[in-house]
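Here are some short exercises to work through with the model open beside you. Try each task yourself before you read its solution.

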Amino acid sequence: MPDKNDIILKGVAASPGIAIGRVFLLEDDDFFLVQRTVAHGEIGAELERLASAVEKTRDELKNIYGKINSVLGENYARITDVHLLILDDPDMKKNVAAMIKDGVNAEYAVFKVFDKIIKSFESIEDEYFRERRLDIQEVGKKIIANLLGKHKRTLTNIADDSIVVAHNLTPADTVAIRERFVKGFATDIGGKTSHTAIVAQGLEIPAVVGLKNISQQLSSGDLIIVDGNKGYIILNPSAETILKYKKAFDQQSRKTKALSKIKDLPAETSDSHKVTLFSNIDNADEIQSALNNGATGIGLYRTEFMYFNRSDMPTEEEHFENYVKVVKEMGDFPTVIRTIDLGGDKMSRLGILNVGTEANPFMGLRAIRLCLKYPEMFIAQLKGILRASAYGKIRLMYPMISGIEELRAANRILAKVMTELKSKKIKFDENIEIGAMIEIPSAAMITDVIAREVDFLSIGTNDLIQYSLAVDRVNENVAHLYDPLHPAVLRLIKLIIDEGHKAGIEVAMCGEMAGDPYYTPLLLGFGLDEFSASPAQIPKVKKVIRSVSFEDVKRISSEALKCGDRDSVAKIMGKVKLSYSERILNRCRI
Ligand code: PEP
Ligand code: MG
């Protein structure tokens, strides 16, 4: 669609859709500092300069509190209380003033004093306290920025419709944006199933990631097009290209509108094979969108997002209130609450992880491993989930199970929590269904063993693909190797489904593969019982389900399983009988 004269940057299509707008460049906040000698006669002025920078920082923090409070609520905003306490620390102020009186320039004095405090935190054994150094660093940077007159543009500063361009956006950054002002994203790093991409899909914001150095090529105010369908960024597009994309945008809006007509129809093939179509959510605010798109349940609630952008742990009460709100909104529809999956690319600033120090965070202390290491944190969540189960249909699911021992260890903790609640006469669903995510090849290989001890399974293809192909899901350099059609991946998926069925339980899929209509016929043919996808993908998947015959896709899927290479699989998938418009939908991956 772009013109041959347009400058196109190619990246990874992370969230579908088209956005045209001006760049908001999120810059790095590192400063280059030099030590200057302050003449004796200027020391008073230097101290005043420091005092004024501290006051400016205070105003900024109060401002940030107000903004976060109005968008995300008080719990998230409270992080700034800690920052204000650091700003007012008398020892810190005394030490900076002493250095200035010795003739050191204010910014360098702030840097030195903060650096000393940060280093002293590094040797603290308790991880929670050790990680508080990040808050200290943040405040120090803010004071220095005010002394230098430099201001880091943060996501909360976005004032107009913009396309955010950054080296990286963390999932925590992504949830903090004000949805109405951000039309699209483009980042240097990341892959299709990075959590930043997944959050963008949840917010229905077009995104392209893995663009290598786009943040160095663009400036704020540049006009760009984000083509989240193809994974292109077009710089300073010509008038004709803008027109073409505007037309494509309108066409896409019409298609989405047309798809909304099937919202209340069953997810059933032309020969009456029914499957379940659920939604993935990261946040309770996405429920309405899930319901509006026709989800009949939540197949994955990624609860770890509750831990972001705050300085304290969610309490049992907070978990409880959050889940009660979700299940009440879901009415008779079930909700699968996944226990926290922090770690990997979902780092919280709570200090429960060695943020940034694990060499391989995706293979590190993540998800169930973290919960088993810190049972108190796990117990608070389990209690919240169990108590909420008295108010609606909840299923509980553990992420990243790698072997039966982990499942049993998690269940032992759960049993203890149940005994405690019973002894206190607190109501909960005593028959709550327990499920395990199968997203690690070792778990896939022993699905038969795991399936005997759970009520349901859910395939996490985002991780299953990364671990079985040894392809980091957020690394743009290997994004081309991240392939759901790899025969090994397909055989693992089929194995999990078959072993789940042999044990008499249902098998769901909540990885991104379940939400891509291109793979729908294949997965249907494998016998998948439940597809759980981000809200906007649900109608597209349903459309394909309703257009195919189960007999046809079963035959094609079993042929595909025999292939030794991905291209042969793709060729066989092309044989699925779809009408022209469904084929376009299926191919374009809109
Ligand atoms: C997955 O791995 O497929 C999954 C759904 O979990 P997450 O993306 O949160 O790791
Ligand atoms: Mg996963």
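**Exercise 1: the largest cavity**

How many residues line the largest cavity, and which lie nearest its centre?

*Solution.* Keep in mind that this is a predicted model.

Step 1. Count the lining: 15 residues line the largest cavity. R302, R338, E439, N462 and D463 are the ones nearest its centre.

Step 2. Look for the elements behind that lining. Both β10 and α19 give two or more residues to the lining of the largest cavity.

Step 3. Sort the lining residues by character. The lining of the largest cavity has 8 charged, 4 polar and 3 nonpolar residues.

Step 4. Add the volume, which is about 80 Å³ for the largest cavity.

**Exercise 2: the ligand in its place**

Find out which space ligand 1 takes, and describe the residues that surround ligand 1.

*Solution.* Step 1. Start with the space: ligand 1 takes up the largest cavity.

Step 2. Go round the ligand. The shell around ligand 1 holds 17 residues, with H195, R302, R338, N462 and R473 the closest.

Step 3. Assign the shell to elements. At least two residues each come from α9 (195-202), β10 (298-302) and α19 (461-469). The largest share belongs to α19, with 3 residues.

Step 4. Sort the shell around ligand 1 by character: 8 residues are charged, 5 polar and 4 nonpolar.

**Exercise 3: contacts of ligand 1**

Which N or O atoms of the protein lie within 3.5 Å of an oxygen atom of ligand 1 in the cases of R302, G460 and N462? The limit of 3.5 Å is the cut-off for a polar contact.

*Solution.* Step 1. Begin with R302, where an N or O atom in the side chain is 2.8 Å from an oxygen atom of ligand 1.

Step 2. Turn to the backbone. An N or O atom there in N462 lies 2.8 Å from a ligand oxygen, and one in the backbone of G460 lies 3.4 Å from a ligand oxygen.

Step 3. Ask how much of the ligand is covered. Ligand 1 alone exposes 280 Å², and the protein buries 100% of that.

**Exercise 4: a second cavity and a pocket**

Describe the second largest cavity, then do likewise for the second largest pocket.

*Solution.* Step 1. Count the cavities of 30 Å³ or more: there are 3. The second largest has a volume of about 40 Å³.

Step 2. Name some of its lining. I198, N280, D282, R302 and P535 are among the residues that line the second largest cavity. At least two lining residues each come from α9 and β9 (276-281). By character, the lining of the second largest cavity divides into 3 nonpolar, 3 polar and 3 charged residues.

Step 3. Move on to the second largest pocket, which holds about 740 Å³ of space. It is lined by 32 residues, and P16, G17, E204, Q252 and T256 are the closest to its centre.

Step 4. Find the main contributor. With 7 residues, α11 gives the most to the lining of the second largest pocket.

**Exercise 5: positive phi**

Where in the chain are K212 and A367, and what is the phi of K212 and of A367?

*Solution.* Step 1. Recall the background: most residues other than glycine have a negative phi.

Step 2. Check K212. Its phi is positive, near 70 degrees, and K212 is in the loop between β6 (207-209) and α10 (214-217).

Step 3. Check A367. Phi is about 55 degrees here, again positive in a residue that is not a glycine. The loop that holds A367 runs between β11 (335-338) and α14 (368-373).

Definitions and conventions. Residues numbered from 1 in each chain as written. Chains lettered and ligands numbered in written order. Heavy atoms only, no water. Near = heavy atom within 4 Å. Polar contact = N/O pair within 3.5 Å; in protein donor to acceptor, adjacent residues only side chain to side chain. Areas by Shrake-Rupley, 256 points an atom, 1.4 Å probe, with all protein chains shown as cover. 1 Å grid on protein atoms, 1.4 Å probe; cavity = no way out; pocket = protein on both sides within 12 Å on 5 of 7 lines; lining within 4 Å. Sits in = over half its atoms within 2 Å of the grid points. Helix = DSSP H or I, 4+ residues; strand = E, 2+ residues; numbered from the N terminus. Nonpolar A, V, L, I, M, F, W, Y, C, P; charged D, E, K, R; others polar. Points joined across faces, edges and corners; volume = space filled by probe spheres on them.
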